[in-house]
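Hello,

Here is the structure I promised to pass on to you. Have a look at it first, and then read on for what turned up in it.

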Amino acid sequence: MALINTYDGRLLLSETTVGAGAQVLLLAFLGTAIGLGPAGWLTGLAFGLATWAVLNRALLRTRTRSFGPANRVTLGRAILVGAVTALVADSFQSSPPVSLFVGLTAVALILDGVDGKVARRTGTSTALGARFDMEVDAFLILVLSVYVSMSFGPWVLLIGLMRYVFVAAAKVMPWLNGSLPHSMARKTVAAVQGVFLLVAASGLLPYAAGFGLVALALGSLLWSFGRDIAWLFRNRDGRDVLTATATVNETVTVAVEAPAERRAAELVRS
């Protein structure tokens, strides 16, 4: 029997539906406060609907019994990212208030460090939660890179697209799905991407300084990806366990090792 026909399934659906409703309310607030245009409304609603549909499908496929506090934090971040996405879409016609744009993005970035801690402290860490967190992070970086590219050029889009290119390449070259050793350098590079892009987007720095900051972000990302890809290539024949790839932010690749039956139940396949 499908999970949606059980009591727990209905509870999960109600949680994600509340999130979708909150997304609409936040968009309505933006529409009232700044006069959000059609492009912003349509993009924000599309993001909210896609998040609701994909998350529900993932919850049902993994037969998750409880949404959990960490996923609620991540869902809150997704709602903020939806609002930022709407502002960026609207910016092609009129620039959003910088303070509002920076405020929403900053809260979303700060909360990035909260959901993981909540999951660990409550013992509710799951592969689905990690994947949900990663996808929200990656999409926020992509949206920020689109916004910053309007000031510094299309090359900035490489920052947001790099993770998606890596995932696509892994479909063709399975050795890219390998497990990487722990690296603080990799985590640091991933963490600073959103901060650097937000600072550049805020307009607080002179043009040359902002350009240099974004170039530094891209350079560090290329270095991190290049180093990890080289390591995976050298060790492409040395894996003896089943692994599943989850890319955290833009550069972190984590292998989830588990027996085949547990892995099939927990992992969300893209």
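A word on naming before the tour: helices and strands here are DSSP runs, with at least four residues for a helix and at least two for a strand, and they are numbered from the N terminus. Please also keep in mind that this is a predicted model.

**The whole chain**

The chain has ten helices and two strands. Followed along the sequence, these elements come in the order α-α-α-α-α-α-α-α-α-β-β-α. Of the 270 residues in the chain, 44% are buried. The accessible surface amounts to about 13,200 Å², and carbon and sulfur atoms account for 68% of that surface. If you take the contacts between residues at least 6 apart in sequence, 76% of them join residues at least 24 apart.

**A residue between α2 and α3**

Let me start with Arg-63, which sits in the loop between α2 (38–62) and α3. What is the phi of Arg-63, which is not a glycine? The value is positive, about 55°. As background, most residues other than glycine have a negative phi. Arg-63 has a relative accessibility of 42%, so it counts as partly exposed.

Helix α2 also holds Leu-42. Is Leu-42 buried or exposed? With 61% relative accessibility, Leu-42 counts as exposed. Along the sequence, Leu-42 and Asp-90 are 48 residues apart, while their C-alpha atoms are 9.7 Å apart in space.

**α3 with α6**

Next, look at helix α3 (residues 69–90) and helix α6 (residues 127–152), whose axes come within 10 Å and cross at roughly 20°. The two helices are therefore roughly parallel to each other. Their crossing is left-handed.

Which residues make this contact? On the α3 side they are Asn-71, Thr-74, Leu-75, Arg-77, Ala-78, Val-81, Val-84, Thr-85 and Val-88. On the α6 side, the partners are Gly-129, Phe-132, Asp-133, Val-136, Asp-137, Phe-139, Leu-140, Val-143, Val-146 and Tyr-147. Sorted by class, the contact of α3 with α6 has twelve nonpolar, four polar and three charged residues.

**α6 with α7**

Helix α6 also meets helix α7 (residues 157–172): the axes of α6 and α7 come within 7 Å and cross at roughly 150°. That angle makes α6 roughly antiparallel to α7. This crossing, too, is left-handed.

From α6, the residues in this contact are Arg-131, Met-134, Glu-135, Ala-138, Phe-139, Ile-141, Leu-142, Ser-145, Val-146 and Ser-149. They meet Leu-157, Ile-159, Gly-160, Leu-161, Arg-163 and Tyr-164 in α7. The contact of α6 with α7 divides into ten nonpolar, three polar and three charged residues. If you are comparing the lists, Phe-139 and Val-146 of α6 appear in both the contact with α3 and the contact with α7.

**After α7**

Met-173 lies in the loop between α7 and α8 (184–202). Because its relative accessibility is 34%, Met-173 counts as partly exposed. Where sequence and space are concerned, Met-173 and Arg-236 are 63 residues apart along the chain, and 10.0 Å separates their C-alpha atoms.

**α4 with α8**

The last helix pair is helix α4 (residues 98–110) with α8, and their axes come within 10 Å and cross at roughly 175°. That makes α4 roughly antiparallel to α8. The contact involves Val-98, Phe-101, Val-102, Thr-105, Ala-106 and Leu-109 of α4, along with Gly-194, Val-195, Leu-198, Ala-201 and Ser-202 of α8. By class, the contact of α4 with α8 has eight nonpolar, three polar and no charged residues.

One of the residues just named deserves another look: Val-195, in helix α8. Val-195 has a relative accessible area of 43% and is therefore partly exposed. How many residues lie between Val-195 and Ile-141 in sequence terms, and what distance separates their C-alpha atoms? They are 54 residues apart along the chain, with 9.6 Å between the C-alpha atoms. Ile-141 will be familiar from α6, where it is one of the residues that meet α7.

Enjoy exploring, and best wishes.

Notes
Residues numbered from 1 in each chain as written. Predicted model: local features only at pLDDT ≥ 70, side-chain atom pairs only at ≥ 80, totals over all residues. Heavy atoms only, no water. Axes fitted to C-alpha atoms, helices over the stretch in contact; angles between N-to-C directions. Parallel < 35°, antiparallel > 145°, perpendicular 65-115°, else oblique. Left-handed = near helix turned anticlockwise from the far one by under 90°. Contact = heavy atoms within 4.5 Å. Nonpolar A, V, L, I, M, F, W, Y, C, P; charged D, E, K, R; others polar. Buried < 20%, exposed > 50% of the residue type's maximum accessible area, 1.4 Å probe, protein only. Areas by Shrake-Rupley, 256 points an atom, 1.4 Å probe, with all protein chains shown as cover.
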